[in-house]
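Grab a coffee and open the viewer. Here are some short exercises, each with a worked solution to follow on screen.

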Amino acid sequence: MNFVFVKTLKNSRESLTDRKGKKINVFFRALPRKDQRSCNLTKKATMPAVKGDNMRGLLVFISDIRNCKSKEAEIKRINKELANIRSKFKGDKTLDGYHKKKYVCKLLFIFLLGHDIDFGYMEAVNLLSSNRYTEKQIGYLFISVMISANNDLIKLVIKSIKNDLASPNPVHVNLALQCTANIGSKEMAEGLGNEIPKLLVTGETIDSVKQSAALTLLRLLRTSPEYIQIGEWSSRVIHLLNDQHLGVVTSAASLIEALVKKNPEEYKGCVSLAIVTASYTDLQDYTYYFVPAPWLSVKLLRLLQNYPPPEDPAVRTRLTECLETILNKAQEPPKSKKIQHGNAKNAVLNEAINLIIHMDSDPNLLVRACNQLGQFLQHRETNLRYLALESMCLLATSEFSHEAVKKHQETVVNSLKTERDVSVRQRAVDLLYAMCDKTNAEEIVGEMLEYLETADYSIREEMVLKVAILAEKYAVDYTWYVDVILNLIRISGDYVSEEVWYRVIQIVINRDDVQGYAAKTVFEALQAPACHENMVKVGGYILGEFGNLIAGDPRSSPLVQFQLLHSKYHLCGPATRGLILSTYIKFVNLFPEIKSTIQDVLKSDNNLRNSDVELQQRSVEYLQLSTVASTDVLATVLEEMPPFPERESSILAKLKKKKPTVTEQAENKEPKQPMPQAQMSNNVNTHNTPLSVPAASNPPSAAASDDLLGLNSPGPSQAAPSAGSFLLDVFDTVGSSPPTNGVDSNGLTPGAEESFKKFICKNNGVLFENDLLQIGVKSEYRQNLGRLGIFYGNKTSFQFSGFSIDTHCSQITCTPKPVGTTIESGAQVQQVINIECITEFSDAPLLIISFMCNGNSHRLNLKLPVMFSKFSEPAEMDSATFFARWKGLSQPNQECQKVFKAKFPIDTEQNKTKMLGFGISILEGIDPNPDNYVSAGVIHIKGSQVGCLVRLEPNKNAQMYRLTIRASKPPVPNILADLLEHQF
């Protein structure tokens, strides 16, 4: 029985993940005799031994290949062998199983050398019906390597697999299961989805077959979950966790975890069994380098993370004892110096800590986990330091362990400065961000600013955002906040996004007590010889609004302020120059004594005749405004910006749109107690919002406007019209986008038909967009096959939940790959849909999308941009061939002709581009009239091709077209004419 255990370990495999998310395959190996323990297995009989036989011809062929001196010699030897094998398969009808096996094995070897094989498939399938193990094994090996899911022989393979699954010989059953797992196609899931679960729960099945059945079922569940229904056997699958065979329990744990993610309620009974199994003292008999069954322990602990803490006090107590035992074991001195011992021990400990964090209910366990991770922060193993930082980010968000995490602040700061691996430094930044509160904000922000000067470019942008958020969230003295943001711009100006400097301007405008300090500080910052352009933007804006507050000092008199700003003018880009010009006109209102100086600048040819239209227009308008308008009009038009209404920080929204790190994921979880929001408290009569575009700056780009102007939040209804509120009205697009629940007369979402028609002559673009969701499409086609990549982007600050996609294809075959049920704020997910054209069709497939957002249900009914013409390829031919084929297609049902009015101006080049995008060629010199277009194409459908000829005759005087299409199959001309008619 010891042999059985070691054999099980040798054939087991598990995937672990390193700190960068890379999969690492870790294989069990046979244990040393001294580490083996007796296995009290009283289950079924073991797998029967099998004996192979030698294939001398194969060995000779492999030896010949290895002895080849050149590539040409190798190819010559392979071609000779292929010819021999082909003649044997064709000529010798009485070829026995041994020779078939030998030749099939040679073909497989040739394929693995990189050569194409186009025969021998049927012989390999025939080997599956053999009763000899070695012949059946080679047949299954060839099938697993050579046959894809779309191969025509797959049905024969499935039939043979079904026969072997019903075989009383467990070796044959295992071969069939391994082949099924290797291919894992949709057809296999559909044909075998009911057979494999029976093997798993039947009492007569031996343990090794149960293992294979569980892992095969897991493979099919991942590829085609819709065909795997285990409802009636769910309780029996759960009880596999009680099996006496370690391999069965380990395989079942992987399967149950996948089933739990699909339907957690149905498999809720696995919680108590998983806890009982994880705390078994029997696991001591299955040690790997002195660690009891580490792979099984990791799987069970990971399985428990799919459920909340158990409500039964007895079960909960047992789980707590199990976790405490794991933490106690971690404190014991290592029993071996080998790295395998440490890896196995730490893998179990790490998963136990993840479960403790997931439960978030036992303060004692959370603090102990934090202390254990604190020891790993200074471990010599980089992976352990990375995992410790990552887990402590999650602990920092718990009310029970936040203070314990803060005790390690000095160690984390030291990691930030000394770690050589950038990914570990990234996690250190995340942890400092997560552990920050009012008591240590200034210290942490100071350390991050200091490190920012030498930080890696890959993490600077995110660090800038996090420093800006922390400074805003925990600012008590707002002069400190202004200093922090200006330091950010000075140190990493290239990585300071518009949201950051918009936000500091907004807060300065909303707080009277910081306006004078801000004006003085930016004035001093602008005096530096090398000044970043973002600093010029902030300085220009603040001085234009509050420069009068420091104008009493001769060192910052109006003229000095103007000269300082103007010295930066020629070093900046057009957008910043436009902002500075707005500051100049503000100066005209604030400082009438320098009006003439400013007018001289506005009159200069460099501004009035500037090649940039925006700068030219501003110069002309501001010059006229300063000349014509009276003092009272100037004071009214250029009055100080009003306070902004209070909304969520635009910086925080930008950080959420980035790929979420561990910290952001933890923040998205429902907090146990309210956490401070990234908003500033203001004086009684002032407000705080994401920055609107003031009169002294350029309007931001459309991409920035969504968040910047707070379009998803209602503005203050009592605000009087002003420059700020006018821009809010202009940019406000809420409600103007296509609705997500209404439908038109065709049952489609409004605008869906127009978007569909845009794809008739192109393959990529935006299929649908409103204020919630953007759907983009990228597609490619080859013969009768196509593949669509559909991108779903969440444009809101809320999570999409219950996200489901359904496709309705009546005349073509659509195979969509599943996507997750949630889309985070600002995130984008991709779905791949494989298309196969079976016959001609006119109705496009439907794409039905439903989801919940902010408590509201939404549904979209769209057309997938898949037309019959997408499967067309251009065809080239000369004049004689074209007219011969044109005359050959003379039957009435082979032609469709339409005369229609031009929908767009008749443009020769645009029309050629559209016809090429339609999938047909442009044949020059065919038609006697050079203004006419003559085209040809071949449309591929399964098993056949349809040729089509197109003639488009434009009449520029009447702005009319005549379109004539002829095709070899009757419905095709009408289908193509209906599509092309909308494009010209």
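**Exercise 1. Which residue in β6 stands opposite phenylalanine 768, and how many bridges pair β5 with β6?**

Start at phenylalanine 768: its opposite number in β6 is isoleucine 775. Keep in mind that you're looking at a predicted model. Now widen the view to the strands themselves. β5 covers residues 765–769 and β6 covers residues 773–782, and the two pair in the antiparallel sense over 4 bridges. Finally, check the connection: 3 residues sit between β5 and β6, which form a hairpin.

**Exercise 2. Carry on from β6 to β7 and find which residue in the turn has a positive phi.**

First, the pairing: β6 runs antiparallel to β7 (residues 785–794), and 10 bridges join them. Next, pick out a facing pair, arginine 782 and leucine 785 in β7. Last, look at the turn. β6 and β7 form a hairpin with 2 residues between them, and glutamine 783 in that turn has a positive phi of about 55°.

**Exercise 3. Take the salt bridge between arginine 302 and glutamate 351 and work out what parts of the chain the pair ties together.**

Step one is the distance: the closest N and O atoms of arginine 302 and glutamate 351 are 3.5 Å apart, and the cut-off for a salt bridge is 4 Å. Step two is the location. Arginine 302 belongs to helix α15 (residues 294–304) and glutamate 351 to helix α17 (residues 339–359), so the pair ties together parts that are 49 residues apart in sequence. Step three is burial, where under 20% relative accessible area means buried. Glutamate 351 has 8%, so that residue is buried. Arginine 302 has 29% relative accessibility, so this partner counts as partly exposed.

**Exercise 4. Now compare two more salt bridges: glutamate 614 with arginine 618, and lysine 898 with aspartate 978. Where does each pair lie?**

Take glutamate 614 and arginine 618 to begin with. Their side chains meet at 2.6 Å, N to O. Both are in helix α33 (residues 613–628), and because they are 4 residues apart, about one helical turn separates them. On burial, arginine 618 counts as buried at 8% relative accessibility, while glutamate 614 counts as partly exposed at 35%.

Then go to lysine 898 and aspartate 978, whose closest N and O atoms are 2.4 Å apart. This pair links distant parts of the chain: lysine 898 is in strand β14 (residues 895–901) and aspartate 978 in helix α42 (residues 971–980), 80 residues apart. Aspartate 978 has 38% relative accessibility, so it counts as partly exposed.

Some salt bridges share partners, too: Asp64, Arg77, Glu81 and Lys106 are joined that way into one network. For the overall tally, a search of the whole structure finds 34 salt bridges.

**Exercise 5. What kind of aromatic pair do tyrosine 288 and tyrosine 289 form, and what kind do phenylalanine 587 and phenylalanine 591 form?**

The structure holds 22 aromatic pairs. For tyrosine 288 and tyrosine 289, read off 4.9 Å centre to centre and 80° between the planes, an edge-to-face pair. Tyrosine 288 is buried at 8% relative accessible area, and tyrosine 289 is buried at 4%.

For phenylalanine 587 and phenylalanine 591, the centres are 5.4 Å apart and the planes are at 50°, a tilted pair. Both of these phenylalanines are buried.

Add one cluster to your list, made up of Tyr781, Phe841, Phe868 and Phe871. While you're looking at rings, find two charged ends as well. Lysine 466 has its charged end over the ring of tyrosine 433, 5.2 Å from the centre, and arginine 577 has its charged end over the ring of tyrosine 569, 5.4 Å from the centre.

**Exercise 6. Is aspartate 243 buried or exposed, and which backbone nitrogen does its side chain reach?**

Locate aspartate 243 in the loop between α12 (234–238) and α13 (246–262). Its relative accessibility is 13%, so aspartate 243 counts as buried. Then follow the side chain of aspartate 243: it reaches the backbone nitrogen of histidine 245 at 2.8 Å.

**Exercise 7. Zoom out: how many helices and strands does the protein chain have?**

The protein chain has 42 helices and 17 strands. Of its 984 residues, 51% count as buried.

Methods
Residues are numbered from 1 along each chain as its sequence is written. This is a predicted model: local features need pLDDT of at least 70, side-chain atom pairs count only at pLDDT 80 or more; totals for chains, interfaces and linings use all residues. Side-chain values use heavy atoms; hydrogens and water are left out. Buried means under 20% relative accessible area, exposed over 50%, partly exposed in between (1.4 Å probe, protein chains only). A polar contact is a pair of N or O atoms within 3.5 Å; within protein, one must be able to donate a hydrogen and the other to accept it, and residues adjacent in sequence count only if both atoms are side-chain atoms. Rings of Phe, Tyr and Trp (its six-membered ring) pair if their centres lie within 6.5 Å; planes under 30 degrees apart count as stacked, over 60 as edge-to-face and the rest as tilted. A charge sits over a ring if NZ of Lys or CZ of Arg is within 6 Å of the ring centre and within 35 degrees of the ring normal. Two strands pair if DSSP finds at least two bridges between them.
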